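Hi there,

Here is the structure I promised to pass on. Have a look at it first, and then read on for what turned up when I went through it.

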Amino acid sequence: ILELYCPNLLFYLNDRDIKKLIERSYNQSLKNKDEAIEGFMKVIFMLIIEYKENKVTNIRKEFWYFNYLLGKALEILGDSKDFKELIISLLLNLKTNNFINGLSEIAVLVDCTNRENLSLLHYEFVLSNGKSIDLQLIDSDNNDFYIEILNIFFDKSKYENSNKFIAFIEKRLQDKFLDKTKGLNNSDAHKIYIAIVIHGLTTEIILENNLFFKNVNEYNSIFKCCKDIYVHGHRNQKTEFSFMNSKALVEYIEKYNIA
C-alpha cells in the first residue's frame, strides 16, 4: 500500500522504522477508551479498504499530496535527520486534523526552502521562553529565524463579508504571535514569523478577498510577522488538492478573473 500511494516515504523510513510505527500506533490504540484503531494503523487500513473498493476519498488524495511533498523535500533537504523526525511525528499523530496540520508544516518548509536559500536546523525547537516553535531555519549568511505554522480551519457557512473575514484572520495571527513571543527579548522576538495556512475556503471567498491576499502585509502592522499566507483545499471543486502560497494565489485570482 505504501509503495502504491506513498513510495517516497520509503526513502526516509526503512522496514524497521515502519514496524516501530505500527507497534507504537497499536499501543496507542490499546490505550483508547473506545478501543478504536487510531494513527498510522488506521490510515493503512483505510487505504487498503479504498484500494479494494476502488474509492478515491480525501485520505488517499492527501497521501498522494504527502508523497509529492516528500519527493520535493528529498530534492531540497536531502537525508535530513530533523525532517525524518517531523515525518515520524506526523505519522504517529494521524487523528482528526493532525495529518493536515503535518502536511501544512511540510508544505511550508518545502515552499520556503525552495523559494529562498534556506536550510532546516531543527523541527519543534524550544525557545528561551519555553515555548515550542515548528521550524528553525538558517539562511546563506548563517542568520537563523523561526517559523510557526498557524492552521486555520475556516467554516465557510459562517462567512459574512470581507471585513469580518480579515478581522478574524488578523485576530488569530495576533494571538499566535503574542503567545510565541511572550517573555522573549526584542532581538529574539523579531526572529519569529507566522505562516498562515487557511483550509476550507471556496473560490468565491478567495475572489471576494482578492485585495487582502494581494496586499497582506499592508493591512495592519501585525501582518509584518506573517512569513506568508497559504490556502489549502479543493481548487474549483476538482479532485486534486491544492496548496498555494500568496504568489500562486494571486496568479490564480488573476487567471480566474481573466477567464
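Ile-1 sits in the segment that comes before helix H1 (2–5). Keep in mind as you read that this is a predicted model. With a relative accessible area of 32%, Ile-1 is partly exposed. Together with Leu-4 and Tyr-51, Ile-1 makes up a nonpolar patch on the surface, and the accessible area of the three together is about 290 Å². Ile-1 can belong to such a patch because its 32% passes the requirement of over 30% relative accessible area.

Next, the strands. Strand S1 covers residues 118–126, and 7 bridges join it to S2, with the two running antiparallel. If you want a pair to look for on screen, Leu-118 stands opposite Asp-139 in S2. The hairpin of S1 and S2 has 5 residues between the strands, and in it Gly-130 takes a positive phi near 90°.

S2 has another partner to look at: strand S3 (residues 144–153) pairs with S2 over 4 bridges, in the antiparallel sense. Here Leu-135 has Ile-147 in S3 as its bridge partner. There are 4 residues between the strands in the hairpin of S2 and S3, where Asn-142 has a positive phi near 65°. As for how covered S2 itself is, the strand spans residues 132–139, and 6 of its 8 residues are buried.

Now a charged residue that you may want to click on. Asp-17 is part of helix H2 (residues 15–31). Is Asp-17 buried or exposed? Its relative accessible area is 14%, so Asp-17 counts as buried, the limit being under 20%. Leaving aside residues up to four places away in sequence, Asp-17 touches Tyr-12 and Lys-84.

Finally, the cysteines. How many disulfides does a search of the whole structure find? The count is 0. As a reminder, a disulfide is a covalent bond between the sulfur atoms of two cysteines. For Cys-226, the closest cysteine sulfur is in Cys-225, and at 6.7 Å it is too far for a bond; the cut-off for a disulfide is within 2.5 Å. Cys-226 is buried, with a relative accessible area of 7%. Cys-6 is buried as well, at 0% relative accessibility.

That is what I have for you. Happy to go through any of it together over coffee.

Best wishes

Conventions: Residues are numbered from 1 along each chain as its sequence is written. This is a predicted model: local features need pLDDT of at least 70, side-chain atom pairs count only at pLDDT 80 or more; totals for chains, interfaces and linings use all residues. Side-chain values use heavy atoms; hydrogens and water are left out. Patches are made of residues with over 30% relative accessible area and no salt bridge: like charges are joined within 9 Å, nonpolar side chains (Val, Leu, Ile, Met, Phe, Trp, Tyr) within 5 Å. Accessible areas come from the Shrake-Rupley method with a 1.4 Å probe; for residues, only the protein chains shown count as cover. A salt bridge is a side-chain nitrogen of Lys or Arg within 4 Å of a carboxyl oxygen of Asp or Glu. Buried means under 20% relative accessible area, exposed over 50%, partly exposed in between (1.4 Å probe, protein chains only). Two strands pair if DSSP finds at least two bridges between them. Contact means heavy atoms within 4.5 Å.
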